Amino acid sequence: MEYFTLYNGVKMPALGFGTWTLRGEEGRRCIGEALAVGYRLLDTARMYQNEETVGQAVRDSGLGREEVFLTTKLWQPSNSYQKAKSDLDRSLQALGTDYVDLLLLHEPYPERLEMYRAMEEAYKAGKARAIGVSNFNAEEYESLVQQCEIRPAVNQVESHVYYPRLELCRTLAAQGTQMQSWAPFTEGRRDLFHEPILMEIGAAHGKTAAQTALRYLVQNGIAVIPKSAHRERMEENFAVFDFSLTGEEMARIGTLKGPDSLFGWP
Ligand SMILES: NC(=O)c1ccc[n+]([C@@H]2O[C@H](COP(=O)([O-])OP(=O)(O)OC[C@H]3O[C@@H](n4cnc5c(N)ncnc54)[C@H](OP(=O)(O)O)[C@@H]3O)[C@@H](O)[C@H]2O)c1
């Protein structure tokens, strides 16, 4: 596993496991398998309604709490300082832990400043080892940086070969903020797994299109959190640190880039 070191010194796995839609018994099985495969970062959110499942899967795995990097996110119903504060405590209780490794603000809600203030306090109180944001564009990010006390350690955004957002990644990096990709496989909106350029480049390394797509992001300094409910795919997606793409291959994959979000984000 490779790591990105956040500006406060916290080491975050470059590759984690997304848990959106993984709930209940089936969710617990999938998350347990991901941990058995070797994933050490689990990405959940208050919105996913699976924090209990994630916490249970970690306990069932026999791994120590400190061996697993847990990310959760505060969402829109926590849209005040007070609600953000108490909902974080609910998240911790659901996860069965007294701290998360990364606490994100799920979206740039109108009440983001007061919600972020509650997150800063949580950071100072040791309830989160790092805090950050999600779905902030460059302007929203810059504006928060101007107004906050503790700048975001991470911005988790839509990023994949069709919309990698390398410029946003550079803007964030200039202030020490790590970019993390959600939907690195486009959540199935494009058939990335049969994309000829990815298949051809991957084949030259004995890798699949999925592995090549993840490698492209990681090699651009972007952390990834792919989701799969299938163990063989979890293993496939995990095996992206034993090869490198050449500059020419990176440039070719760069030609897949389109101008727009596939999810309709402004
Ligand atoms: N911050 C945010 O607003 C936000 C938004 C969206 C997502 N997220 C986070 O990002 C994580 C990842 O995004 P995502 O789950 O939306 O989508 P994704 O990881 O881009 O794609 C998941 C889809 O790809 C399939 N898949 C995975 N590996 C594959 C492989 N090797 N070959 C073929 N198909 C494969 C999965 O199918 P199977 O499961 O059937 O294998 C699933 O249908 C989420 O789980 C969540 O934790 C955050």
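**A run of parallel strands and the core around it**

In strand β7 (residues 131-134), the residue that stands opposite L103 is I131. Helices and strands are DSSP runs numbered from the N terminus, a helix being H or I over at least four residues and a strand being E over at least two. The model is predicted, so that local features need pLDDT of at least 70 and side-chain atom pairs count only at pLDDT 80 or more, while totals for chains, interfaces and linings use all residues. Residues are numbered from 1 along each chain as its sequence is written.

The strand that contributes L103 is β6 (residues 102-105), and both of its faces are covered, with L102 and L104 on one side and L103 and L105 on the other, all of them buried (20 or more other C-beta atoms within 10 Å of the residue's own, against 12 or fewer for exposed and partly exposed in between, with C-beta atoms placed from the backbone). On one side, β6 runs parallel to strand β5 (residues 69-74), to which it is joined by four bridges, and here K73 stands opposite L104. β6 also pairs with β7 in the parallel sense, over three bridges, where pairing requires that DSSP finds at least two bridges between the strands; in this pairing, L104 stands opposite G132.

The connections between these strands can be followed along the chain. β5, helix α3 (residues 81-95) and β6 form a right-handed β-α-β unit, right-handed meaning that, with the strands pointing away from the viewer, the path from the first strand over the helix to the second runs clockwise. From β6 the chain then crosses through helix α4 (residues 112-124) to β7, in a β-α-β crossover that is right-handed. A right-handed β-α-β unit is also made by β7, helix α5 (residues 138-147) and strand β8 (residues 154-158). β7 and β8 run parallel and are joined by two bridges, with S134 opposite Q156.

β7 is likewise covered on both faces, since I131 and V133 on one side and G132 and S134 on the other are all buried. Just beyond, in the loop between β7 and α5, lies N135, whose phi is near 65°, a positive value in a residue other than glycine. N135 counts as buried because it has 20 C-beta neighbours inside 10 Å. T186, in the loop between β9 (178-182) and α7 (196-204), also has a positive phi, near 65°, but T186 counts as partly exposed because it has 18 C-beta neighbours inside 10 Å.

The largest nonpolar core, a set of buried Ala, Val, Leu, Ile, Met, Phe, Trp, Tyr and Cys residues joined through C-beta atoms within 7 Å, has 70 residues, and those with the most contacts inside it are I31, L102, L103, M119, A128 and A213. Helix α8 (residues 209-219) supplies the largest share of this core, six residues. M119 is in contact (C-beta atoms, placed from the backbone, within 7 Å) with A84, L103, L105, A128 and I131, leaving aside its neighbours within four places in sequence.

Finally, the ligand is surrounded by 26 residues, each with its C-beta atom, placed from the backbone, within 6 Å of the ligand, and the closest are G18, W20, W182, F185 and K227. Helix α9 (residues 231-238) gives the most to this shell, with three residues. By class, the shell has ten nonpolar, eleven polar and five charged residues, where Ala, Val, Leu, Ile, Met, Phe, Trp, Tyr, Cys and Pro count as nonpolar, Asp, Glu, Lys and Arg as charged, and the others, Gly among them, as polar.

Conventions. Two residues are in contact if their C-beta atoms, placed from the backbone, lie within 7 Å.
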